[in-house]
Amino acid sequence: IPNHTSVLSGHAWILKLMHRHPDHIKTNLGITLDIFSALVNILIWNSIMQSQNGVEVKEQLGIFLY
């Protein structure tokens with residue numbers, strides 16, 4: 001059974017995972033919400049990643065980890 005059965009995609013799906021179903025992040029992305037949030041902040045603060053073409057860093061990271 002697939003883990004990603006939501007009709008949402010991209011940014012909306014990441015936000016849903018982060019705010020409504022934080023326990024599902026571990027299942028879908030392989031890391032906890034705390035680690036995901038910290039990694040997003042590190043990538044932004046150190047100018048390693050930035051939002052591009054309307055795709056936020058958290059969505060880019062989610063795509064990479066998924």
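**Exercise 1.** Determine what share of the contacts between residues at least 6 apart in sequence joins residues at least 24 apart, and describe the overall dimensions of the chain in this predicted model.

*Solution.* Step 1: of the contacts in the chain between residues at least 6 apart in sequence, 36% link residues at least 24 apart. Step 2: the C-alpha trace spans about 35 × 25 × 20 Å along its principal axes. Step 3: a compact globule of 66 residues would have a radius of gyration near 11 Å, and the 12 Å of the chain agrees with this.

**Exercise 2.** Identify the helices that contribute to the largest nonpolar core.

*Solution.* Step 1: the chain contains four helices and zero strands, in the order α-α-α-α. Step 2: the largest nonpolar core has twelve residues, including Trp13, Phe36 and Leu61. Step 3: at least two core residues come from each of α1 (10-19), α2 (23-29), α3 (33-45) and α4 (57-65). Step 4: α1 provides the largest share, namely four residues.

**Exercise 3.** Establish which residues of α4 are buried and what covers them.

*Solution.* Step 1: the buried residues in α4 are Val57, Glu59, Gln60, Leu61 and Gly62. Step 2: their cover includes α1, α2 and α3.

**Exercise 4.** Classify leucine 39 as buried, partly exposed or exposed, and place this residue on the surface.

*Solution.* Step 1: leucine 39 lies in helix α3. Step 2: buried requires under 20% relative accessible area and exposed over 50%; leucine 39 has 30% relative accessibility and therefore counts as partly exposed. Step 3: Leu39 forms, with Ile42 and Ile48, a nonpolar surface patch of about 250 Å².

Technical notes
Residues numbered from 1 in each chain as written. Predicted model: local features only at pLDDT ≥ 70, side-chain atom pairs only at ≥ 80, totals over all residues. Heavy atoms only, no water. Core = buried A, V, L, I, M, F, W, Y, C linked by side-chain atoms within 4.5 Å. Buried < 20%, exposed > 50% of the residue type's maximum accessible area, 1.4 Å probe, protein only. Contact = heavy atoms within 4.5 Å. Patch = residues over 30% accessible without salt bridge, like charges linked within 9 Å, V, L, I, M, F, W, Y side chains within 5 Å. Areas by Shrake-Rupley, 256 points an atom, 1.4 Å probe, with all protein chains shown as cover. Salt bridge = Lys/Arg side-chain N within 4 Å of Asp/Glu carboxyl O. Rg over C-alpha atoms; globule rule 2.2 N^0.38 Å.
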